[in-house]
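Work through the following exercises with the sequence and the coordinates side by side, and try each task before reading its solution.

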Amino acid sequence: MALPTKITLEIVTPERSLVTAQVDELQLPGAEGYFGVLPGHAPMLSTLKIGEMWYRIGQEKYHLAIAFGFAEVLPDRVTVLAHIAERAEDIDVSRAESAKRRAEERHANPRPDLDFERARVALMKSIIRLQVASHARTRA
């Protein structure tokens, strides 16, 4: 049996289907670390952490911010069920910068009732969103 030459990538959030495309390769932020997928990959399931994902079609790379969820990898298909996913070009940079400032301030001046895990997650999401958004600015 011949190996597939493309991977069908589908990225879905609770609100919408974000991406459905035939891609050459992709990289995801797995809970145990980043992992790459090429056509013919062994089947696997992974939980996702906060991070940057990308996929490539030809020579063009597309970047997304991902926060939590699951990925099902099959030899010819990857399905990403993400709690949050945003394309680089859809990220509001000023809003992400404001969120980062607020999160950094919470860390610098913690109140007794501060939920440190929630504050850490908010900071990580804002940093990843800014990192991903920078790819949209460099492409334009």
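**Exercise 1.** Identify the element that gives the largest share of the positive patch, and then place R102 on the scale from buried to exposed.

*Solution.* The model is a predicted one, and the element sought is helix α1 (residues 93–108), which supplies four residues, the largest share of the positive patch. The patch itself lies on the surface and gathers R95, R101, R102, R106 and R118. Turning to R102, we find this residue in helix α1. Its relative accessibility is 48%, and because exposed requires over 50% and buried under 20%, R102 counts as partly exposed.

**Exercise 2.** Determine which residues are the bridge partners of Q27 in β4 and in β6.

*Solution.* Begin with strand β3 (residues 25–30), whose residue range takes in position 27. Strand β3 is joined by five bridges to strand β4 (residues 33–37), the two running antiparallel, and they form a hairpin with two residues between them; in β4, the partner of Q27 is G36. Strand β3 also pairs with strand β6 (residues 51–57), again in the antiparallel sense, over three bridges, and in β6 the partner of Q27 is W54.

**Exercise 3.** Describe the protein chain as a whole, giving the order of its elements, its span and its buried share.

*Solution.* Counting first, the chain has two helices and eight strands, and read from the N terminus these elements follow the order β-β-β-β-β-β-β-β-α-α. The C-alpha trace spans about 60 × 35 × 25 Å along its principal axes, and of the 140 residues, 37% count as buried.

Technical notes: Residues numbered from 1 in each chain as written. Predicted model: local features only at pLDDT ≥ 70, side-chain atom pairs only at ≥ 80, totals over all residues. Heavy atoms only, no water. Pairing = 2+ DSSP bridges. Patch = residues over 30% accessible without salt bridge, like charges linked within 9 Å, V, L, I, M, F, W, Y side chains within 5 Å. Areas by Shrake-Rupley, 256 points an atom, 1.4 Å probe, with all protein chains shown as cover. Salt bridge = Lys/Arg side-chain N within 4 Å of Asp/Glu carboxyl O. Lys, Arg positive; Asp, Glu negative; His and termini not counted. Charge placed at Lys NZ, Arg CZ, Asp CG, Glu CD. Buried < 20%, exposed > 50% of the residue type's maximum accessible area, 1.4 Å probe, protein only.
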